[in-house]
Protein chains: 2
Amino acid sequence: MPTLKNDRFLRALQGQSVDRTPVWLMRQAGRYLPEYRATRARAGDFLSLCKNPDFACEVTLQPLDRFPLDAAILFSDILTIPDAMGLGLYFEEGEGPRFRKPVSCEADIMSLPVLKVATDLDYVIKAVTTIRHALAGRVPLIGFSGSPWTLACYMVQGGSSKDFRRIKTMLYQTPELLHILLDKLADAVTAYLNAQIMAGAQAVQIFDTWGGVLADGTYQSFSLHYMQKIISNLVREHEGRHVPVILFTKGGGLWLEDMVQSGCDALGLDWTMNLGRARSLVAGRCALQGNMDPSVLYGDAATIRREVARLLAQYGSGAGHVFNLGHGIEQWVDPASAGIFVDAVHELSEPYHSAAA
Amino acid sequence: MPTLKNDRFLRALQGQSVDRTPVWLMRQAGRYLPEYRATRARAGDFLSLCKNPDFACEVTLQPLDRFPLDAAILFSDILTIPDAMGLGLYFEEGEGPRFRKPVSCEADIMSLPVLKVATDLDYVIKAVTTIRHALAGRVPLIGFSGSPWTLACYMVQGGSSKDFRRIKTMLYQTPELLHILLDKLADAVTAYLNAQIMAGAQAVQIFDTWGGVLADGTYQSFSLHYMQKIISNLVREHEGRHVPVILFTKGGGLWLEDMVQSGCDALGLDWTMNLGRARSLVAGRCALQGNMDPSVLYGDAATIRREVARLLAQYGSGAGHVFNLGHGIEQWVDPASAGIFVDAVHELSEPYHSAAA
């Protein structure tokens, strides 16, 4: 594999000193970029784009050609695992993801196949290797997966949900059954992330998009527990380097104290958490990633720079911070605003990393 | 006004000793009750139900006839204020509330009329007095309003929203304009709640349903600031009694320390917050209300009782707790489960209030 030229991101995740705060954007390869929309149009639809390693590589690199980002993230869908398990993922225009065969009873859960990543998800693994070569060492490549709880939400609801009624009914009526599903998913996610690492992913992020809908107590046992299990079974050393793990529970700010004990290298924060408070709470036990409100990118250059400056000051001097949005970049954002954001992070963070800082 | 026979709720809100933990349910007069659905069918539609004081009184009392609840809450809609300001509230089946004339520019905001509660919202004020008389002192009556931020969300978005793009764009592009809107709404909410108090509401709750979508820092200046302003201008003493104020920001668990300084008597908590941790955080400075996951009511009796017991133990002995769900009761809940919940709170809380406790 090509030698890494910019290791700011990997260093920051391990609490090592950097010259500037590294920055990337969740969903940085996405609909806000006209070149992404063009590639997607050529691919035909979203799933064809995901399932073709060359197209996936092309869109992964697009934001890097526009902005001096410090990391690339594999372009893929969060629901590749349930799709590979036979649930039949499809997308309805404006409706988000749907499954033809949602999981609704014990028999459905018991009959879920064990995932064979190398064959069932070969298109993802091929995409990782293709991207690593195409990156040619510019920046590290992040692999990712949805968390078991988040995957289970989509699988049981059959798609997106406002109230999560089906899975919460399962949680409170037949918790042992839900645990079986989550355990199967934890095994699948572990195999999936390890295959991504072996194929070239230099860090991985677990997206727990729906962890925040759980109650205090159930979050710990129905989401965090399984993410912890995954982390303890991941390949953490590859190509002679540590492979950092980032844990991101949207709406999980109240549970940071529990999350920091999961064995992760960094916690992703959404925009509701005070970054300074998060830093004192984790007290050097892991790095932090985040956490500007994505809507700030609807503001003008001065607003974006002011918010970046405010968050940098909140975090303060020293290492252990990867700048990001608190959630994915929205499709309506002007790409120029993303550029202003990335430049502001690099420019304004320099004083926080000087020898005197 | 009739003498109050059950003052557990008002006492708990003021941190005074009680024999059992008082309990009520957000949205307790609602679609999960067949008698509610029957009254609504007679009224014709939801808005006709809200705007007729006799119907509003009828549905307000329905849950009290089923369950030994410790408080009644005025049946009304959260969007009466913008409707009275001329935005034209309507409901589309399965779509939630919508406005015919959303607020979208400076001219819209500048031309919003000053609310004359006595005439513009006379139906609400009449409902309060009607309900107070019909209650005949059984339990106290809670009045309520949406928070300025929450009302503004609906007014600017034109209805419910998933991403709050319009109002967040306004927030980051023209914050001073949004502040003008919020200030107008704070004045309206103050007048509205004071009129409810003068008409017979014995406590009031401010529902900040959408405060949790704000970023740390903006929550404080765009939502909490205006709720604080309202609280400082409310009538706090009426009929020889203190009129407690409950502040409920859904998703606001990270900001309790700020909220406790608002001058409220109690903080409402959603189900993501650990009740014991919240108690030590507020350290006696206000009471707490909450916070069982409404989805627990999909579980069986044993599950409901176990969750009630768990939360009572988390809070511990002594006063200052009003039991509730962490959000409104869902329409699909079996009314019998609500009954099990209310009985469990009364039965299982007794030891926590004994002289020895």
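This dialogue reads a few features of a two-chain predicted model.

Author: Local features here need pLDDT of at least 70 and side-chain atom pairs count only at pLDDT 80 or more, while totals for chains, interfaces and linings use all residues. Residues are numbered from 1 along each chain as its sequence is written, with chains lettered from A and ligands numbered from 1 in the order in which they are written.

Reader: How many residues of chain B are in contact with chain A?

Author: Contact means C-beta atoms, placed from the backbone, within 7 Å. On that basis, 24 residues of chain B meet 24 residues of chain A. Helix 10 (residues 165-173) of chain B gives the largest share of chain B's side, 5 residues. Helices are DSSP runs of H or I, at least four residues, numbered from the N terminus.

Reader: How do the residues on that side of chain B divide?

Author: Into 8 nonpolar, 10 polar and 6 charged. Nonpolar covers Ala, Val, Leu, Ile, Met, Phe, Trp, Tyr, Cys and Pro; charged covers Asp, Glu, Lys and Arg; the others, Gly among them, are polar.

Reader: Is helix 9 of chain B mostly covered or uncovered?

Author: A residue is buried with 20 or more other C-beta atoms within 10 Å of its own, exposed with 12 or fewer, partly exposed in between. Helix 9 (residues 148-157) of chain B is mostly covered, with 10 of its 10 residues buried. Among them are Trp149(B) and Tyr154(B). Just after this helix, Gly158(B) has a positive phi of about 85°.

Reader: Why does Gly86(B) count as partly exposed?

Author: Because Gly86(B) has 13 C-beta neighbours inside 10 Å. Gly86(B) sits in helix 5 (residues 80-87) of chain B. Beyond neighbours within four places in sequence, Gly86(B) contacts Lys101(B) and Pro113(B).

How values were computed: Helix = DSSP H or I, 4+ residues; strand = E, 2+ residues; numbered from the N terminus.
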